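Let's take a walk through this fold, from the overall layout down to a single side chain. Have the model open as you read.

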Amino acid sequence: RHIEKLHKLFNEEMILYSTASHADISNKKILVIDNVGLLSSLYAYGEIAYIGGGFEDGIHNTLEPAVFGLPVLFGPRYKKFVEAVALADKGFATPIRNATEANEKLKELISDPGTLEKMHRAIRDFIQNHTGATTKVMTYIRDKSLL
């Protein structure tokens, strides 16, 4: 049902991953992934990510697209996800309440390719500067003789 709505909305600009050839994909603006297990590796090819969730209880992983420098859009209920809050506070993620807000933000992001590329670099730098949690936790555990 959702895919049918997307197809009606975007028509010729959209293609489903399950039915596309490589040539088809390169000629479309929107690729809808209708398979399980591919999304995290596909962010490397994107420019902007809209992730599911944020309209009820939770949101999908914001770090997967951010690792590739993608600005992220999601629903307004994200405050209990520390990484989503951090990205939004830096202006690297945008909570949206409806399709109108999503369209406005997308138009803003794609209107200036130079600014979008600078944002990609800034997001990647931000993520890189916040790596190392596992090392910190393991060091703490080792230093407290908890192992």
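## Ground rules and layout

Helices here are DSSP runs of H or I with at least four residues, strands are runs of E with at least two, and both are numbered from the N terminus. By that count, F92 falls in the loop between α5 and β5, and we'll come back to F92 at the end. Keep in mind that this is a predicted model.

The chain holds 8 helices and 5 strands. Going along the sequence, you read α-β-α-β-α-β-α-β-α-β-α-α-α. The C-alpha trace covers about 60 × 35 × 30 Å along its principal axes. Of the 147 residues in the chain, 26% are buried. Among contacts with a separation of 6 or more, 34% link residues 24 or more positions apart.

## The sheet

Now for the strands. Three of them form an open sheet of 3 strands in the order β3-β4-β5, and the pairing is parallel. β3 and β5 (93-95) sit at the edges with a single partner strand each, so one side of each has no neighbour in the sheet. Strand β4 (residues 72-74) is joined to β5 by 3 bridges, and the two run parallel. If you want a spot to check the register, look at V72, which stands opposite A93 in β5.

α6 packs on this sheet and touches β4 and β5. Its direction makes about 175° with that of β4.

## The largest pocket

Which element gives the most to the lining of the largest pocket? That's α6, with 6 residues. So α6 shows up twice in this story: α6 packs on the sheet, and α6 also lines the pocket. At least two lining residues each come from α1 (2-10), β2 (30-32), α3 (39-42), β3 (49-50) and α6 (99-110).

The pocket has a volume of about 2100 Å³ and a lining of 42 residues. Nearest its centre you'll find I30, L31, V32, I48 and Y50. By residue type, the lining splits into 27 nonpolar, 8 polar and 7 charged.

## The second largest pocket

The second largest pocket comes in at about 160 Å³. Its lining is made of L63, V67, E83, A86, L87, F126, I127, H130 and T131. Here α4 (63-67), α5 (82-89) and α7 (113-128) are the elements that give two or more residues. The largest share belongs to α5, with 3 residues. The mix is 6 nonpolar, 2 polar and 1 charged.

## Zooming in on F92

Back to the loop between α5 and β5, where F92 lies. Is F92 buried or exposed? Buried means under 20% relative accessible area, and F92 counts as buried because its relative accessibility is 12%.

What does F92 touch, once residues up to four places away in sequence are set aside? The list is L70, P71, V72, L87, M119, A122, I123 and F126. A few of these have come up already: V72 is the residue opposite A93 in β5, while L87 and F126 are among the residues lining the second largest pocket. One more pair to pick out on screen is F92 and F68: they are 24 residues apart along the chain, and their C-alpha atoms are separated by 12 Å.

Conventions: Residues numbered from 1 in each chain as written. Predicted model: local features only at pLDDT ≥ 70, side-chain atom pairs only at ≥ 80, totals over all residues. Heavy atoms only, no water. 1 Å grid on protein atoms, 1.4 Å probe; cavity = no way out; pocket = protein on both sides within 12 Å on 5 of 7 lines; lining within 4 Å. Points joined across faces, edges and corners; volume = space filled by probe spheres on them. Nonpolar A, V, L, I, M, F, W, Y, C, P; charged D, E, K, R; others polar. Pairing = 2+ DSSP bridges. Contact = heavy atoms within 4.5 Å. Axes fitted to C-alpha atoms, helices over the stretch in contact; angles between N-to-C directions. Buried < 20%, exposed > 50% of the residue type's maximum accessible area, 1.4 Å probe, protein only.
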